[in-house]
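Subject: Structure handover

Hello,

Here is the structure for you to look through. My notes follow below it.

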Number of protein chains: 2
Amino acid sequence: MSATTDPEQLLARPKRADARRNYEKVLSAAREAFLEGGEATSLEEIARRAGVGIGTLYRHFPNRQALLEALYAGEVEELSRSAAALDGRDPWEALSLWFERFIAYLATKRALADELMNYMDKDAPLFAACRASMFAAGEPLLRRAQEAGVVRPDVEFGEILQMVMGIGKIPTADPAQTEHMLRIALDGLRYRPDS
Amino acid sequence: MSATTDPEQLLARPKRADARRNYEKVLSAAREAFLEGGEATSLEEIARRAGVGIGTLYRHFPNRQALLEALYAGEVEELSRSAAALDGRDPWEALSLWFERFIAYLATKRALADELMNYMDKDAPLFAACRASMFAAGEPLLRRAQEAGVVRPDVEFGEILQMVMGIGKIPTADPAQTEHMLRIALDGLRYRPDS
DNA sequence: TACGATACGGAGGCTGCCTCCGTTTGTCAA
DNA sequence: TTGACAAACGGAGGCAGCCTCCGTATCGTA
C-alpha cells in the first residue's frame, strides 16, 4: 500500500495529475475487488469500480498480469519490512515466525497470490523486484539460524521461499491444516541427515 | 491410460458404439494436446484433433474441468498401483520413494496438474475418486512408517499429500531443486518435536 | 426395413482480454 | 488569461475461449 503512495519511487510513474490520480484509483479498486470477488474479477469490473474507462486502465497496466504485479509489489514490501522487527528473537523462532506470517499473509490474499503464482515462471520485471525484497528480508533470518546451528546448512533461501509458497498455495478449507503443513516442512530444515 | 481402456469400470460410460469411440478419441486427443501445447490448449483444438465436433466433446465432458479430471483419473490410478511394488522395502524408504515418484510424475504432466490444482477446492466428483485411490495407495505406506517409528505420529496422509502437491506445483526451471525441496519437507516428517 | 432413441456437429451467445483512435483535459509559455 | 499541444481518457469493437441449443445423422432393435 504505502509503496504505491509515495511518488516517483519504483519504475517511472505517470506524470499528469489526472493520470496519477487514476493510477491510484485503479490500484485501490483492484485491491478491493480482489478482496471481495476473488480471482475471477474482470478488468472491466475493476475499471468500473475505479470510475475510469477500460482504456485508461490499460494505459496504466498493459495487461492483467501487470496490474496484479503492481498490486502485489506494495503488499510484499510491507511484509518484508516486518522482518526487521524479528531481529532480537531466537534465530529459529524468528525464521519460522516470519514464514508463518508469510503464509498468513498469502491466505488473506489467496486470489491474488494464486494468480501470480501462475505467472511466476514467466518473465516478470516488477515481480523480480518483489522477490529481491523478500530475499533481503528473509535471507538474513535464515543465515542467522544456520550460523546458530539450528538449521541444516544445505538449504538456500530461494528454495525455502518456494517451498513455503507452494504450501501456501494449496487450497484448503482449514487454515490450521496449512499451518500444520508449514510446521512439518519447516521442521525439515532442522533435521540433520546423518550421513 | 489403462483405466480408460477397460470398459464400464468407473462411473457409467456412454453406451452406443460411436459414442464410446468418440469418448476415447477425445480423451487421447486431449492427452496428446496437453503434452504438447501445455495448459493453454483450447477445447476446440482438442475436438479438432479428435476429429469430432465441439458439441460432441461437450456431450461427453460437460466442461473443461470434467475433461481434465477424466484424463487425470487414468493417470493417477496408474501411479497408485506403483505403491504395491514398494511393499518389501524399508518403511521410510518406501514412503519417500513413493512421493518422489509422485513428484516426478507431476513434473511430466505439469500443465495438467497445474490446472487441476486450481480446481482442487471446488467440487470434483471424479477427482475425489482419484484422491481416494491415492489414499489407498499411499496411506498404508505412511502408517507403516509411523508404526516403525521413523515418522512422527502427528501427521495425516492427506496433509502430506497436499504438501507434496504444493511443492510439485512450484514452477521451477530446475527439477533437482524441486527434489531438494521435497527432501527437506519430507525430512520434516522425521523430526521429533521435543515437547 | 423402419422407427425411436441416442449421439453428432457447428452456429452462435456470452464473457473476458486487449487495441485503436477520436475526444477531452491538464500544463505551460506567451 | 489564453491558446496550443502533448498527455491522457474512454469505450466501441476485435478476437478467442467456454459452453448451449437444436436440427441432422446414426445406431440398434423389432
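Is Phe99(B) buried or exposed? Phe99(B) is buried: 24 other C-beta atoms lie within 10 Å, and 20 or more are enough for that label. Bear in mind that this is a predicted model.

Phe99(B) sits in helix H5 of chain B. Leaving aside residues up to four places away in sequence, Phe99(B) touches Val164(B), Leu182(B) and Leu186(B). Take Val164(B): 65 residues separate Phe99(B) from Val164(B) in sequence, yet their C-alpha atoms are 7.4 Å apart in space.

Two of those partners lead to the helix packing. H5(B) covers residues 91-108 and H9(B) covers residues 175-190. The two helices pack at an angle of about 145°, and their axes are 11 Å apart. The crossing of H5(B) past H9(B) is right-handed. On the H5(B) side, the contact uses Ser96(B), Phe99(B), Glu100(B), Ile103(B) and Ala107(B). On the H9(B) side are Pro175(B), Thr178(B), Glu179(B), Leu182(B) and Leu186(B). By class, this contact has six nonpolar, two polar and two charged residues.

For contrast, look at Glu44(A). This residue belongs to helix H2 of chain A, residues 43-50. Glu44(A) is exposed, because 11 other C-beta atoms lie within 10 Å and the label applies at 12 or fewer. Glu44(A) and Ala176(A) are 132 residues apart in sequence. Their C-alpha atoms are 35 Å apart in space.

Now the two chains.

Chain A can be laid on chain B with an RMSD of 0.2 Å. That takes a turn of 180° and a shift of 0.0 Å along the axis. The two copies are therefore related as by a two-fold rotation axis. Within chain A, Gly188(A) has the C-alpha nearest the axis, at 1.6 Å.

How many residues does each chain put into the contact? Chain A gives 24 residues and chain B gives 24 residues. In chain A, helices H8 (157-169) and H9 (175-190) are the elements that give two or more residues to the side touching chain B. H9(A) has the largest share, with ten residues. That side of chain A divides into 13 nonpolar, six polar and five charged residues. Of the interface residues of chain A, 100% are also interface residues in chain B, so the copies meet through the same surface.

Last, the DNA.

Strand C has 24 residues around it. Ala17(A), Ser42(A), Asn22(B), Gly53(B) and Gly55(B) come nearest. H1, H2 and H3 of chain A, with H1 and H3 of chain B, each supply at least two residues of the surface near strand C. H3(B) gives the most, four residues. The classes are nine nonpolar, seven polar and eight charged.

Strand D is surrounded by 24 residues. The closest are Asn22(A), Gly53(A), Gly55(A), Ala17(B) and Asn63(B). Here the elements giving two or more residues are H1 (17-37) and H3 (54-60) of chain A, plus H1 (17-37), H2 (43-50) and H3 (54-60) of chain B. Which helix gives the largest share of the surface near strand D? H3(A) does, with four residues. By class, the surface near strand D has nine nonpolar, seven polar and eight charged residues.

Best wishes

Key
Residues are numbered from 1 along each chain as its sequence is written. Chains are lettered from A and ligands numbered from 1 in the order in which they are written. This is a predicted model: local features need pLDDT of at least 70, side-chain atom pairs count only at pLDDT 80 or more; totals for chains, interfaces and linings use all residues. A residue is near a molecule or strand if its C-beta atom, placed from the backbone, lies within 6 Å of it. Ala, Val, Leu, Ile, Met, Phe, Trp, Tyr, Cys and Pro count as nonpolar, Asp, Glu, Lys and Arg as charged, and the others, Gly among them, as polar. Copies are superposed by least squares on the C-alpha atoms of residues with pLDDT of at least 70 in both. Two residues are in contact if their C-beta atoms, placed from the backbone, lie within 7 Å. Axes are lines fitted to C-alpha atoms, for helices over the stretch in contact, and angles run from 0 to 180 degrees between N-to-C directions. A crossing is left-handed if the near helix is turned anticlockwise from the far one by less than a right angle, and right-handed if clockwise.
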